[in-house]
Amino acid sequence: MRSVRAGRDVAFVAVNDGSCLASLQVVAEEGMEGFDQACRLGTGSAVEVHGLLRPSPAAGQAMELAAERLVTIGGADESYPLQKKRHSFEYLRTIAHLRPRTNNFGAVFRLRSSLAQAVHRFFSERGFLYVQTPIITANDCEGAGELFRVTTLDPASPPLADGSVDFSADFFARPTGLTVSGQLEGELFAQAFTDIYTFGPTFRAENSNTARHAAEFWMIEPEMAFADLMEDARLAEEFFRYLCSHVLSECAEDMAFFDAQIEKGLLERVRRVAETPFAVMEYTEAIAHLEKATVPFQYPVSWGLDLQSEHERYITEQVVGGPVFIVNYPKDIKAFYMRQNDDGRTVAAMDLLVPKVGEIIGGSQREERLDLLTARMTGAGIDPASLWWYLESRRWGSTPHAGFGLGFERLIMYLSGMENIRDVIPFPRTPRHAEF
RNA sequence: UCCCCAAUAGCUCAGUCGGUAGAGCGGGUGGCUGUUAACCACCAUGUCCCUGGUUCGAGUCCGGGUUGGGGAGCCA
């Protein structure tokens, strides 16, 4: 029950079951069973109503429920923290157990659910295999990011060997943590099933305090065998635009809410992305644009340095004015598994940059040549023996292959206009916050 | 982790020059013949984040802390 507007002889009760943004108007009239009860209902209570669904004589709703009997299933008194008014997101985060009952979070989590199903539908329609990669991993070199430790050892007095913790006595008999990416395992499955994707939780123990980072988030990672970088980019574009079209047609009511309440112009922005092909720009070309820029940058620009947030925003917002793939980055600033280009100094990496957000997809063609991969791994300080199974995928039937990662929460932020990652995940985990 | 900002009623906030605290919403009571986060009238609300200092006197000024927010780095 969202609100009651009670008069002497008639009361209007707005009831919402979460299925959509709009509430059902229940009309209770003097004399019916439970009328006094209906007038006194507190916001947040749960009710059962019997009555006749009929066209509404008043503007504001097409149908209404003329109540014959109203029963309070679960009452809510005046201490209920949600009021019939707008609350700040900061306050609602402190009551994350109740915020899904609000209009705004109802819209967010319906959008999230619908998008998750659209992700599966997109890949299913294209014959991709859905693979569940492990959440607990012993890989300590999956890429960037600090690992959360997984252990059953007593933190107060762990077993020691030669002065350091003896992980051979731990549950898995080795150090383990929560995965930061399912990519490496995904590549193995691509070698068997050609086209695969993962969609699951990932974890980063980084002390990141921003509106765009969470310690636990969901990531979508497709991987295609017999594919190069540009095929990878094509898939990313098709995928991203598919999801834009999806929310416009399937979540129209909630999208209209976001457009009205969260970000003016959201619908137009998403519509444009759904309809317009994405630009592609070489990293080298992007550097040239930045060097010509008249606006001052805080961080230096030169070939070989990574692009900072301010640079990415400039390229996508000022130079291109829409989504753009930046491709072929210097190899020294990218991960060991990315395929080396023939120029000897770049790798087949791509980032999709979008206005407002910056980088939203990161991907690459993977290095399929065993000797080059081993050399880069060693150069990155990673013991090839620790990833022997990954290297073996390059020993037998190695194929060119490529994939990318999309942060699910960032996608939701982009499509809803919500500006804080903590407000698009049901129960956010960030540094010092694991309540609920 | 670094930089900046903020913290006052249940919520959102105002509080002038340092002189002992206010509004709207929400809540309560009453009214209202169909309302749309209804409307009208009345009523009640406070550890001014904590701590130390300056001062005759601190919500207000200063130091330390806590919490929250924004930005950066890292990235998705």
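Modeller: In this predicted model, two strands are taken to pair if DSSP finds at least two bridges between them. In chain A, T137 stands opposite G177 in β11, and strand β11 (residues 176-178) is joined to β7 antiparallel over two bridges.

Biologist: What makes β7 and β11 count as a pair?

Modeller: The requirement is at least two bridges, and β7 and β11 have two bridges, so they count as a pair. β11 belongs to an open sheet of three strands, whose order is β7-β11-β8 and whose pairing is antiparallel.

Biologist: Why is one side of β7 and of β8 left without a neighbour in the sheet?

Modeller: Both strands stand at the edges, where each has a single partner strand, and so one side of each lacks a neighbour in that sheet.

Biologist: F148 lies in the loop between β7 (136-137) and β8 (149-150); what makes F148 partly exposed?

Modeller: Its relative accessible area is 31%, and since buried means under 20% and exposed means over 50%, with partly exposed in between, F148 takes the middle label. Leaving aside neighbours within four places in sequence, F148 is in contact with T176, G177, L178, F203, R204, A205 and A215. By contrast with those contacts, I196 is 48 residues from F148 in sequence and 26 Å from it in space, C-alpha to C-alpha.

Biologist: Which strands pair with β16, and how do you know that they do?

Modeller: Strand β15 (residues 324-330) pairs with β16 in the antiparallel sense over six bridges, and six bridges also join β16 to β17, again antiparallel. As the criterion asks for at least two bridges, both β15 and β17 qualify as partners of β16. L353 illustrates the arrangement: L353 in β16 is the bridge partner of V324, and the bridge partner of L353 in β17 is E359. β16 and β17 form a hairpin with three residues between them, and K356 in the turn has a positive phi of about 80°.

Biologist: What makes strand β16 (residues 346-354) mostly covered?

Modeller: Nine of its nine residues are buried, that is, each has under 20% relative accessible area. T346, A348, M350, L352 and V354 point one way from the strand, V347, A349, D351 and L353 point the other way, and all of these are buried.

Biologist: Which residues of helix α4 (residues 183-193) are buried, and what covers them?

Modeller: The buried residues of α4 are Q183, L184, E185, G186, E187 and A190, and this label rests on a relative accessible area under 20%. Their cover includes β7, β12 (195-203), β13 (216-225), β17 (358-366), α11 (388-392) and β18 (401-407). Just after α4, T194 takes a positive phi of about 70°.

Biologist: Why is α6 called oblique to α7?

Modeller: Two packed helices are described by the angle between their axes and the distance between the axes. Here the axes of helix α6 (residues 252-261) and helix α7 (residues 266-275) come within 8 Å and cross at roughly 120°. That angle lies outside the perpendicular range of 65 to 115 degrees and is not over 145, so α6 is oblique to α7. The contact involves M255, A256, F258 and D259 of α6 together with L266, L267 and V270 of α7, and the contact residues divide into six nonpolar, no polar and one charged.

Biologist: Why does one side of β1 and of β4 have no neighbour in the sheet?

Modeller: The five strands of this open sheet follow the order β1-β2-β3-β5-β4, with mixed pairing. β1 (3-6) and β4 (46-55) stand at its edges, and each has a single partner strand, so one side of each is left without a neighbour in the sheet. The twist averages 30° from one strand to the next.

Biologist: How do you know that strand β3 (residues 24-29) and strand β5 (residues 63-74) pair in this sheet?

Modeller: β3 and β5 run parallel and are joined by two bridges, which satisfies the requirement of at least two, and therefore the strands pair. In β5, A66 is the bridge partner of V27.

Biologist: What percentage of the 436 residues of chain A counts as buried?

Modeller: Set against the limit of under 20% relative accessible area, 47% of the residues of chain A count as buried. The chain has twelve helices and 18 strands, and its C-alpha trace spans about 85 × 60 × 45 Å along its principal axes.

How values were computed. Residues numbered from 1 in each chain as written. Chains lettered and ligands numbered in written order. Predicted model: local features only at pLDDT ≥ 70, side-chain atom pairs only at ≥ 80, totals over all residues. Heavy atoms only, no water. Axes fitted to C-alpha atoms, helices over the stretch in contact; angles between N-to-C directions. Helix = DSSP H or I, 4+ residues; strand = E, 2+ residues; numbered from the N terminus. Parallel < 35°, antiparallel > 145°, perpendicular 65-115°, else oblique. Contact = heavy atoms within 4.5 Å. Nonpolar A, V, L, I, M, F, W, Y, C, P; charged D, E, K, R; others polar. Buried < 20%, exposed > 50% of the residue type's maximum accessible area, 1.4 Å probe, protein only.
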